[in-house]
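User: I've got a model open and a pile of labels on it, and I'd like to know what stands behind each one. Can you take me through them?

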Amino acid sequence: MDILRKENVVLDAKASDKMEAIRMSGEILVEGGYVDPDYIDGMLGREKTMSTYIGNGVAIPHGEFEDRELIHSTGLSVLQFREGIVWEEDETAYLVIGIAATKDEHLVVLSNLAEVLEDPESADQLAQTENPMVIIERLTRSTEED
């Protein structure tokens with residue numbers, strides 16, 4: 001199963017708030033067969049205890065440690081909010097990347113995301129692209145090379 005498929009990427013998404021955005025990202029993971037529906041509750045719970053905003057307009061919602069048994073396989077969902085969505089008081093997310101990772105694969109996934117998204121220009125390019133393949137290629141490059 002591919003970690004990030006074209007149907008997992010939603011360009012120019014719309015949500016009323018960050019909790020709706022998290023639900024949307026979780027629903028994509030459920031529909032893709034990566035997680036059980038209850039994983040979404042874990043994603044929402046994680047956000048209530050600790051913000052998943054990582055900077056440069058990017059948030060990476062994911063479940064809590066206890067939710068790992070709800071994950072069938074490692075996968076990503078990507079919601080692009082061209083107009084942005086308020087994540088924290090002074091932070092706006094333009095990319096919301098839902099993560100479900102089995103065992104220690106989350107470390108590889110997070111490392112790859114951090115490498116690609118720590119560059120503000122790279123993050124901005126992904127937040128503005130009209131081609132989902134640009135997002136897929138940039139976010140899966142190092143996981144495919146491993």
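Analyst: Sure, we'll go label by label, starting with the whole chain and ending with single residues. Keep in mind that this is a predicted model.

User: What makes the chain as compact as a globular protein of its length?

Analyst: First the parts: the chain has five helices and five strands. From the N terminus on, they come in the order β-α-α-β-β-β-β-α-α-α. The radius of gyration is 14 Å, and the globule rule gives 15 Å for 146 residues; the two are close, so the chain is as compact as a globular protein of that length. The C-alpha trace spans about 35 × 35 × 25 Å along its principal axes, and 49% of the residues count as buried.

User: How do you know which strands are the edges of the sheet?

Analyst: Start from the strand order, which is E1-E4-E5-E3-E2 in an open sheet. An edge strand pairs on one side only, and that is the case for E1 (9-10) and E2 (53-55).

User: Why is the pairing called mixed?

Analyst: In general, strands of a sheet pair through backbone hydrogen bonds, and they can do so parallel or antiparallel. This sheet has both kinds. E2 and E3 (residues 58-59) run antiparallel, joined by two bridges, with Gly55 opposite Val58. E4 and E5 are antiparallel too, over nine bridges, and a hairpin of two residues links them. E3 and E5, on the other hand, pair in the parallel sense over two bridges, where Val58 stands opposite Leu95. Put together, that is a sheet with mixed pairing.

User: What makes you say H4 packs on that sheet?

Analyst: Contacts do: H4 touches E3, E4 and E5 (91-100), and its direction makes about 95° with that of E4.

User: And how do you know that the buried residues of H4 line one face?

Analyst: The buried ones in H4 (residues 120-128) are Ser122, Ala123, Leu126 and Ala127. Looking down the axis of H4, they fall within an arc of 135°, so they line one face of the helix.

User: Why is H2 called largely enclosed?

Analyst: It's a matter of counting. Buried means under 20% relative accessible area, and eight of the eleven residues of H2 (residues 39-49) are buried, so the helix is largely enclosed by the rest of the structure. Tyr39, Met43 and Leu44 are among them, and so are Arg46 and Glu47. The cover over the buried residues of H2 includes H1 (18-31), E4 and E5. E5 is itself mostly covered, with seven of its ten residues buried.

User: Why is Ser77 called buried?

Analyst: Ser77 sits in E4 (residues 75-88). Its relative accessible area is 0%, which is under the 20% cut-off, so Ser77 counts as buried. Beyond its neighbours within four places in sequence, Ser77 is in contact with residues including Asn8, Ile28, Leu29 and Val96.

User: What makes the pair Ser77 and Ser25 a polar contact?

Analyst: A polar atom of the Ser77 side chain lies 2.9 Å from the backbone oxygen of Ser25. The limit for a polar contact is 3.5 Å, so 2.9 Å is within it.

User: How do you know that Gln80 is buried?

Analyst: By the cut-off again: Gln80, also in E4, has a relative accessible area of 0%, so it falls under 20% and is buried. Its bridge partner in E5 is Leu95. The Gln80 side chain has polar partners as well: it reaches the backbone nitrogen of Asp12 at 2.9 Å, and a polar contact of 3.2 Å joins it to the side chain of Arg82. Further residues that Gln80 touches include Val10, Tyr94, Leu126 and Thr129.

User: Why is Asp12 called partly exposed?

Analyst: Asp12 lies in the loop between E1 and H1. Its relative accessibility is 31%, between the 20% and 50% limits, so Asp12 counts as partly exposed. The same reasoning puts Asn56 in that class, because its relative accessible area is 37%. Asn56 is found in the loop between E2 and E3.

User: What makes the phi values of those two worth a look?

Analyst: Most residues other than glycine have a negative phi. Asp12 has a positive one, near 50°, and Asn56 has a positive one near 55°.

Note on methods: Residues are numbered from 1 along each chain as its sequence is written. This is a predicted model: local features need pLDDT of at least 70, side-chain atom pairs count only at pLDDT 80 or more; totals for chains, interfaces and linings use all residues. Side-chain values use heavy atoms; hydrogens and water are left out. Helices (H or I, at least four residues) and strands (E, at least two) are DSSP runs, numbered from the N terminus. Buried means under 20% relative accessible area, exposed over 50%, partly exposed in between (1.4 Å probe, protein chains only). A polar contact is a pair of N or O atoms within 3.5 Å; within protein, one must be able to donate a hydrogen and the other to accept it, and residues adjacent in sequence count only if both atoms are side-chain atoms. Contact means heavy atoms within 4.5 Å. The arc is that of the directions from the helix axis to the C-beta atoms. Two strands pair if DSSP finds at least two bridges between them. Axes are lines fitted to C-alpha atoms, for helices over the stretch in contact, and angles run from 0 to 180 degrees between N-to-C directions. The radius of gyration is taken over C-alpha atoms; the globule rule is 2.2 Å times the number of residues to the power 0.38.
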